[in-house]
Every structure is written in C-alpha cells, then in structure tokens.
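Hi,

Here is the structure I promised to pass on. Have a look at it first, and then read my notes below.

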Amino acid sequence: MSNLNPIMEIHHLVKTFGDNEVLKDVDFTANEGEVICIIGSSGSGKSTLLRCINMLETPTSGEILHRGKIVSDSTDDLNSYRSKVGMVFQSFNLFNNMTVLENCMIGVTAVLKKDRKHAREISLHYLKKVGMAAYINAKPSQISGGQKQRVAIARALAMEPEMMLFDEPTSALDPEMVGEVLSVMKNLVSEGMTMIIVTHEMAFARDVSTRVVFMDKGVIAEDGPPRQIFLNPQNPRTKEFLSRFLN
C-alpha cells in the first residue's frame, strides 16, 4: 500500500437535502490498495458520502478528485469516471428481465463499448470468481439474495474498475447469506483491490480493513487503523458506538 498514490480525494464536501445538512465539510482521501470501512449509526451520512463519491448525489459544495482531476457532472466524464469506480448496492439493482450473464455484460457493452464476445468472456471470468458460473442462464428471481449480491459484485468487477464502493452490501441479506458475500469481498481484499465499504459488520471491518472511518452526524469523527479504532478509540462518540460491539 502506497500512501503516495491517492485514487480519490474529497475536499470540504457538503451535502444538504432541503434544510437537512447530511454531510458537513468532509475531507477524505483513499489511497491505492487501501480497504476503508466506514462505520457509524444510521443517518450519520455514510451512504450519502458513498453516493456523492460515485456522483449518484451531486455534492452541494466541495470537490471530489479522481487521480488529481476534479470529477465533474458532465455526462461523458461521469460515465468514464463511474466505469473506474465500481459500486455495489444493498438492494442488488439487477435487471430482472435479463439473465445473470446478461446483467454482467450490459455495462461492458453499453459503457465500455466492448464487443459481445469480449463482454461475455470477461463476465464469465468474474462470475466464476464469485462462484456464480453455474447460474449464468438464471434470472435474478430464480436465485437467492446472497447469489444476487455476488452477481452484483461480478457485474461491477466486469468493468475492471480501479476501486470498488460497497454500500452496506450485506444489510438486505438473511444472516446465513452474509458469509458468502463477505468471503467474496475478502478475496478481493487479498488481491489488493482498493475498496470503500459502508458496513454494519463490525468483525469484518476490524479484521479486513486497513483503515476504519467512524462517521457521526455528518462528519468524520475518527479515522485510523482498525486496531486503534476498535481497541483504543480517541473520540467519546466512537467509544459509545462501539461499546455495544466490544462488549
């Protein structure tokens, strides 16, 4: 991991919805090879931060830089930027009228403008990687939640992004399916993928991340190595939040 290689820098990010200021002057950098878990109570701004990073929400003010270049919301720039920053949602967002394979191929053909043969090869490669090669002809309605999420991860990987964003990827799953998705994510970590993960899975955050960011009421209250955050949090709010988990 090199601290000298920031993929993503965020300066003075503010996001308001009406009178509600959800993000308040957030500064944040993600370096190549880092696995950053963002934790915090519901409503602390975690998912909004992720959606701003991917420009699914337009920041009210502040700037986001990708490899030193400001991310603008002009359409061409945005498609190219989003292809480099994969996103996995809690609700899978698969197309129900397409097969598992077609769900993975669509971004490769539509956004990256690759031919179908290439799209098929690369999609099969990543579906195999997440253990879903046997289900390529199934429709989303025919597979479990954990399998849908693995397909969603394969779909994001098929774009060959520089970095992956995960927005609570296990929160819509039954407990017995959480493990299969986390194990796919652990494999990505072991391969050096840069990842920002909003999660409620504290053991996962503690064991897998290189950095843990604790958000509270729209600000980054604490940011440090998992060991420090979990064993010796500096901020009283972090302590209070983690006390339920640590006991």
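In which kind of crossing, left-handed or right-handed, does α3 pass α4? The crossing is right-handed, a term for the near helix being turned clockwise from the far one by less than a right angle, with anticlockwise giving left-handed.

Before more of that, some small print. This is a predicted model, where local features need pLDDT of at least 70 and side-chain atom pairs pLDDT 80 or more, while totals for chains, interfaces and linings use all residues. Residues are numbered from 1 along each chain as its sequence is written, and side-chain values use heavy atoms, leaving out hydrogens and water.

Back to the helices (DSSP runs of H or I, at least four residues, numbered from the N terminus). α3 covers residues 100-110 and α4 residues 116-129; their axes (lines fitted to C-alpha atoms over the stretch in contact) lie 8 Å apart at about 125°. That makes the pair oblique, meaning neither under 35 degrees, nor over 145, nor 65 to 115. Among the residues in contact (heavy atoms within 4.5 Å) are Leu101 and Cys104 of α3 and Ile122 and Leu127 of α4.

Cysteine 104 is buried (under 20% relative accessible area), at 0%. Cysteine 37 is buried at 0% too. Why no disulfide (two cysteine sulfur atoms within 2.5 Å) for cysteine 37? Because the closest cysteine sulfur, in cysteine 52, is 19 Å away. The disulfide count for the model is zero.

Finally, serine 190 sits in helix α6 (residues 175-190) and is exposed (over 50%), at 62%.

Cheers

Terms used:
A disulfide is a pair of cysteine sulfur atoms within 2.5 Å. Buried means under 20% relative accessible area, exposed over 50%, partly exposed in between (1.4 Å probe, protein chains only). Axes are lines fitted to C-alpha atoms, for helices over the stretch in contact, and angles run from 0 to 180 degrees between N-to-C directions. Helices (H or I, at least four residues) and strands (E, at least two) are DSSP runs, numbered from the N terminus.
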